[in-house]
Amino acid sequence: ILMKKYVEMDLKVPKEVIRFIATHEKDQVRLLEAALIKLKFSCEMQHKEVDMSMAHKIVQDISKEQKVNISVDDILLEVSKETGVKLEYILGKTRTENVVWARHIAMYLVRRAIPELTLLHVANAFGRNDHTTVMNAEKKIKIKLDADAGFKDLVDKLYEVVISKTI
């Protein structure tokens with residue numbers, strides 16, 4: 001299907017790029033066509049020939065667009081399950097260290113997985129009135145991610161679990 005479309009669109013594409021796109025979007029013909037259209041547009045705009053890095057970027061973009069089914073609740077449930085902190089504590093006012101870290105992780109993951117939500121929307125989803133609470137949580141998480149490899153593994157694992165459930 002892709003080969004035929006590439007010929008129709010008069011686009012010169014290396015075979016490894018075609019294979020790469022076909023293996024990443026093999027179940028959905030519309031996504032294959034979307035990848036092709038974006039690839040052609042990118043080539044024309046950048047005055048470049050198609051290469052693997054361009055194909056990677058396009059497949060990533062298309063994959064991100066498909067991951068819209070994720071919700072704050074999905075993230076909260078996964079963080080609660082993984083950290084052992086009850087959902088009502090994450091959403092509550094408790095300030096014990098383990099609860100605060102679970103809350104911060106959840107806020108960070110919401111911002112990362114659902115970037116279209118504003119800081120205020122995220123704060124409100126956690127029962128907070130001030131967007132700076134979310135900013136502070138993100139700052140603390142980023143610092144700990146850089147300093148603690150085990151913590152980074154936990155957060156990365158949670159992100160992958162949440163994202164994988166949206167496909």
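**Close-up 1. Helix α7 passes helix α10 in a right-handed crossing.** This is a predicted model, and the view takes in α7, which covers residues 97-113, together with α10, which covers residues 149-164. Their axes lie 11 Å apart and make an angle of about 50°. That angle is why the two helices count as oblique to each other.

**Close-up 2. Here is where α7 and α10 touch.** On the α7 side, look for Trp 101, Ile 105, Tyr 108, Leu 109, Arg 112 and Ala 113. Facing them from α10 are Phe 151, Leu 154, Val 155, Asp 156, Leu 158, Tyr 159 and Ile 163. Sort this contact by class and you get 11 nonpolar residues, two charged ones and no polar ones.

**Close-up 3. Zoom in on the one aromatic pair in the structure.** Its partners are Trp 101 and Phe 151, arranged edge-to-face. The ring centres sit 5.6 Å from each other, and the planes are 70° apart. Planes over 60 degrees apart count as edge-to-face, so the pair gets that label. Along the chain these two are distant, with their positions 50 residues apart: Trp 101 belongs to helix α7 and Phe 151 to helix α10.

**Close-up 4. How buried or exposed are the two ring partners, Trp 101 and Phe 151?** Trp 101 has a relative accessible area of 21%, so this residue is partly exposed. Phe 151 comes in at 8% relative accessibility and therefore counts as buried. The cut-off for buried is under 20%.

Notes: Residues are numbered from 1 along each chain as its sequence is written. This is a predicted model: local features need pLDDT of at least 70, side-chain atom pairs count only at pLDDT 80 or more; totals for chains, interfaces and linings use all residues. Side-chain values use heavy atoms; hydrogens and water are left out. Axes are lines fitted to C-alpha atoms, for helices over the stretch in contact, and angles run from 0 to 180 degrees between N-to-C directions. Helices (H or I, at least four residues) and strands (E, at least two) are DSSP runs, numbered from the N terminus. Angles under 35 degrees count as roughly parallel, over 145 as roughly antiparallel, 65 to 115 as roughly perpendicular and the rest as oblique. A crossing is left-handed if the near helix is turned anticlockwise from the far one by less than a right angle, and right-handed if clockwise. Contact means heavy atoms within 4.5 Å. Ala, Val, Leu, Ile, Met, Phe, Trp, Tyr, Cys and Pro count as nonpolar, Asp, Glu, Lys and Arg as charged, and the others, Gly among them, as polar. Rings of Phe, Tyr and Trp (its six-membered ring) pair if their centres lie within 6.5 Å; planes under 30 degrees apart count as stacked, over 60 as edge-to-face and the rest as tilted. Buried means under 20% relative accessible area, exposed over 50%, partly exposed in between (1.4 Å probe, protein chains only).
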